Amino acid sequence: MSKLYIDEDRYGEAPPNLLVETVRSAVTTLVRRRFAESAVDWSAFVFGAGDRLITSQDFTDIERQILDTGYRFAWSAVISQRERPAIYGGADDVGADLANFSFEHPEAATGEPDSEGRSQCGFGENVVRRRTNAVGVARYVRSSDRVIEYMKNGVPEGTIAIIDDSGGTLTAPILEHFAGIVCAGGTVRSHLGILAREYGIPCLMNAKIRGIHDGDRIEIEASAESMAAEAYFGGEAKLARVWKVVR
Amino acid sequence: MRNPGVSYPQLLETNNRIQNCGDETFWLCLTRTVQGSKLFPVSPYILLSYLNAFYRYPSLLRKIEARLPAEQIADRARNMGMKMQNSALGWALPNFYLLGRELLLSLGMLRPQDALEDVVYVMDFWKRYMLSWHRNDGHITNREFGHRAQILPDRRLEVFHRDLYPCTPGDPLHAAAHAFLAMASQYGFLVSCESRISLTNSGPYRLDDHHELIVRDFMDLAECSLPWLDGVAADVPYNYLTVPMSVRDCHFTIVDDWGSFESKPEFTAEHLAGVGLYTSDPLTEGYMPVGMASRDELIGTLRSLHGVLKDATNKLWLRIAAWTRDQMLDAGALVYYNIIKDLAHVAGVFDVDDWLTIDRRADRFRPLLNDEFAGQMLGSLVAGLNLPNHRQSPYVMMQHSDQPTRTYTPLPYSVLCGEEYVPSCGPVQPGTSHLDLKVDRYRTSAGVLSLAEYNRRAREFTPALCTDKYRFLCETWVKYNHHTALANELYELEQRESRTLRGRGTTARPR
C-alpha cells in the first residue's frame, strides 16, 4: 500500500476523540489503497484520479464498518434520529410524553421551600438583568410537534418555555409569546440568548434544573446579575436561580 | 525542476494571512458562541459547506474577477448593505476555504502544497477586497482594529446621523423599531438555517458624548437567491435592509468579524435612542431610504415589515419542518457556502449551478456526516485543534491558548526550491441538490427580475459614487478640499435621498 505525505508527521498525534480517529484512520487507509490502485503519481491523483476513485460508496462502507462494531452515533438534530433510528443511539424521543418528562441535571442546586413558598430547583446564566423576576407556568418545547401545536392553538399565556435547544430556529414561530425561557444548553451568546435579548424576554441559558414538570408554576431570577463576558474567561460566574412555586 | 508560479513574497504574505485567520477563528469559536439545534443538523452542514468552499471558491472568485476586480466590488460594498460585509467577507471567505483545506489535510486527501496557487489567489483576493472595503479605517479586519468596524465614509455617516428619528422607550417609534429588529433577527436565523449570517453589525461611530451609532444590516430577506424563500417570502418587499441605530449611554467594546457585538452596559432596547431604515442592492445608488419621509411613515413601515416577516417566518418554518435531512443538509451547506454569492450578484455573473449546488467532490462525503462525527470533527477543526495537522513543535505557543498548535497549515516554502506541488483543484464540477429548483424570480430594487435580466442590469450599472470620477475622492482629500466644487458635488450625490441634507453639499458640517 502506498504511503501518504502526511504519514511522516514529526509532531502529529492521534486526536483524543475515538470516533474522529476511527473515521480519520479509515479514510486515510482508503486514500492509500486508492492511490496505489491508481498507478499514477500524487500530482495526477490528488485532483484527478482520486476524485474519481474515492467515491460516496467508499464513505458509505466506512460508516457500515463502524456500525458493524455495534457502535451507534449520538444525534443532535431530531430529523437525524427520526430518519435513521438504526444508526443513532438513545431512544429519547423529544416529542413524546412531555407530561411526564423533566430535566434531571445532577449539578442542579435544589433546596427546601423558602418563606415565600418557593423551592429552588436549579440555576442558569441570566441573559439580561431585569427589574423583577419572571413567574409563569413551565412548558417543555423540545420538538417541532409542540411548536406546531402552539402555532395552531396559541401559546398559553404566562408560558415559561423549558428548552434544550440553544438555537433560534426551533421555536421561531412562537418565541415572542413566551413569558420567559429556561434553556438547558448554550451560553448567553447563543442564538436563543440573542433573540431573547432582542425580544426582551427574561431568559436563563445553560440552565441546570431538576424536578420541573410541564404545568409547574416556576419563578426565574431575571433580576440576578447577567452573565458577563469575563465569566467565560475564568471569572466568577453569577448564576440566577430557578424556583418551583409550591404555594 | 518546476518553475514555481508563486514568489517568496507571495508565500510570505499568504502565510501571514493564513496565520491571522487561524488565530482569530480560534478566538471567535472559543469565546463568541456555543450553538446547538434540534431542528437542523448544523455541524454536518457546516462541514459540507467547508468542502464545497474548498473545491469551488477559487474558480468562482476568478470568474467574478474576470468581470469586476475584488477592490472595486469592495468599493460598492462600502456604499451599501449587502451580504458582502461581516461575517461573509470579513471571516467566512478565507476561513470556510481554509477549514475545507484543513479537513481534507487531516484525512490524507491533500498535502500542504496541493492547490497552492488556489490558496495564494483566494487569500490575495480576500486581502485586496478587505483593504478596499476597510479603507476608511485602514485595517484589514475588525480584529486588526481591536474589534471595531468603521467602514462608512463621513458623508454617509452625516446622512445616517442627520436623518435618524429620535425615539425613547414607550413611544410608538421605539416600540415599532424594537419589534421589527427582534422579528427580523429571528427571521434571519431561520432563513440562514440556524446561522447568524443574515444579519450583521458595524461600527461603532461616535455621535456625541452619550451616543454611538451602530449599523445593522439584514440580508437575504426576500425571494432572491435562496430557493427556500421562493413563495414564502413573496410579500417581503426588500431583500436587504439597513438600520442605523443611535444608542444612548452604551459603549460598544467589541464588534467582531462575525458582525456581532458586546457593549458596556449590555445593549438592550432601552438604550435605543434613534433609528433609520434603508435598502440597497447592486442596482441602487447606494443606500435608499425606506419609509423615512416622516416619523409616522417610518412607524407604519416598521409595523408593516414586522407583519410581513412574521408571516414569512411561519410559512418558512412549516416548509423547513417538512424537509428531509438531506434537504436540511443541503440548505444549511448552501447558505453557508454561498455566503459570498453577492460578489457574483454585483459582478452580474450569478449562476444557480455555481452557488446553489453541492459539488460532487464535496457531496461524496455525505455518508460520513452523521451528527456525532460531524460535531466532534468540527470541534476539532475550530476549537480543539487536536488533529495531527494541528500539532506543532513543542516550542510553539499558540496565541490565545499557549498550546503547540496551529489552526491552519501554512504553505510550504520548499516549493521554491523544487518540491513538487499541484497548483489548483481544478474547475467547478457538476453539483447536486435535494432542494426544489430555484424559481427564476429575483426581488431587486428594480422590481422582480429574471436572473438573466438581473445579471444584465448589474453588469451595466455602476453607482455614480463608484465611478472613476468619484471613487478615489477619499476622506483625506475631502479634509483638505471640502471647499471645492467637486467636493460639494460628491456630497450632494450622497445626499440626494436625504430628508434633511439634500442639496446642502459640504456646507452641512458634522454635529
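Is B:K83 buried or exposed? At 1% relative accessibility, B:K83 counts as buried, and this lysine is a useful place to begin a walk through the structure, which is a predicted model.

## A buried pair inside chain B

The side chain of B:K83 meets the side chain of B:D220 in a salt bridge, with 2.6 Å from N to O. Side chains of opposite charge can pair when their charged atoms come close. The partner of the lysine, B:D220, is buried as well, with a relative accessible area of 1%. This pair links distant parts of the chain, since B:K83 sits in the loop between α3 and α4 of chain B while B:D220 sits in the loop between β3 and β4 of chain B, 137 residues apart.

The loop between β3 and β4 (240–248) of chain B also holds B:S225, which counts as buried because its relative accessibility is 1%. The side chain of B:S225 makes a polar contact of 3.4 Å with the side chain of B:K341, and another polar contact, of 3.1 Å, with the side chain of B:H345. When residues up to four places away in sequence are left out, the residues that B:S225 touches include B:D220, B:N338, B:F350 and B:Y442.

## The two domains of chain B

Chain B is divided into domain 1, made of residues 8–146 + 324–426, and domain 2, made of residues 154–323 + 438–508. The centres of these two domains, taken over C-alpha atoms, are separated by 27 Å, and the contact takes 53 residues from domain 1 of chain B and 57 residues from domain 2 of chain B. The area buried between the two domains is about 4,600 Å², and carbon and sulfur atoms give 56% of that area.

Between domain 1 and domain 2 of chain B the count is three salt bridges, and across the same interface there are 19 residue pairs in polar contact, with both residues at pLDDT 80 or more. On the side of domain 1 that touches domain 2, the elements of chain B that give two or more residues are α1 (8–31), α2, α3 (70–77), α4, α9 and α10 (342–347). The largest share of that side, seven residues, comes from α9(B). Sorted by kind, the residues of this side divide into 21 nonpolar, 21 polar and eleven charged.

## Where chain B meets chain A

The size of an interface is often given as the accessible area lost when the parts come together. For chain B and chain A the buried area is about 6,500 Å², of which carbon and sulfur atoms give 59%, and the contact takes 77 residues from chain B and 79 residues from chain A. Across this interface there are 32 residue pairs in polar contact, again with both residues at pLDDT 80 or more. Several elements of chain B each supply at least two residues to the side that touches chain A, among them α2 (42–65), α7 (172–191) and α8 (295–321). The largest share of that side, eight residues, comes from α7(B), and the residues of the side as a whole divide into 34 nonpolar, 24 polar and 19 charged.

Seven salt bridges cross between chain B and chain A. One salt bridge joins A:D164 to B:K38, with the closest N and O atoms 3.9 Å apart. Another salt bridge joins A:D51 to B:R364, with the closest N and O atoms 3.2 Å apart; this pair runs from helix α2 (residues 42–53) of chain A to the loop between α12 (360–363) and α13 of chain B. Both ends of the pair are buried, A:D51 with a relative accessible area of 14% and B:R364 with a relative accessible area of 5%.

## A covered helix in chain A

Helix α6 of chain A, residues 191–199, is mostly covered, with nine of its nine residues buried. The buried residues of α6(A) pack against parts of both chains, namely β3 (159–163), β4 (180–183) and β5 (203–209) of chain A, together with α7, β3 (211–219) and β6 of chain B. After α6(A) comes A:G200, whose phi is positive, near 75°.

## Other charged pairs

Over all chains, a search of the whole structure finds 59 salt bridges. Among them, B:D363 pairs with B:R366, the closest N and O atoms being 2.5 Å apart. B:D363 counts as buried at 17% relative accessibility, and B:R366 counts as buried at 11%. Elsewhere in chain B, a network of salt bridges links B:E13, B:E65, B:E71, B:D124, B:K127 and B:R128.

Methods. Residues numbered from 1 in each chain as written. Chains lettered and ligands numbered in written order. Predicted model: local features only at pLDDT ≥ 70, side-chain atom pairs only at ≥ 80, totals over all residues. Heavy atoms only, no water. Contact = heavy atoms within 4.5 Å. Buried area = accessible area lost by both parts, 1.4 Å probe. Salt bridge = Lys/Arg side-chain N within 4 Å of Asp/Glu carboxyl O. Polar contact = N/O pair within 3.5 Å; in protein donor to acceptor, adjacent residues only side chain to side chain. Helix = DSSP H or I, 4+ residues; strand = E, 2+ residues; numbered from the N terminus. Nonpolar A, V, L, I, M, F, W, Y, C, P; charged D, E, K, R; others polar. Domains from an automatic or database assignment. Buried < 20%, exposed > 50% of the residue type's maximum accessible area, 1.4 Å probe, protein only.
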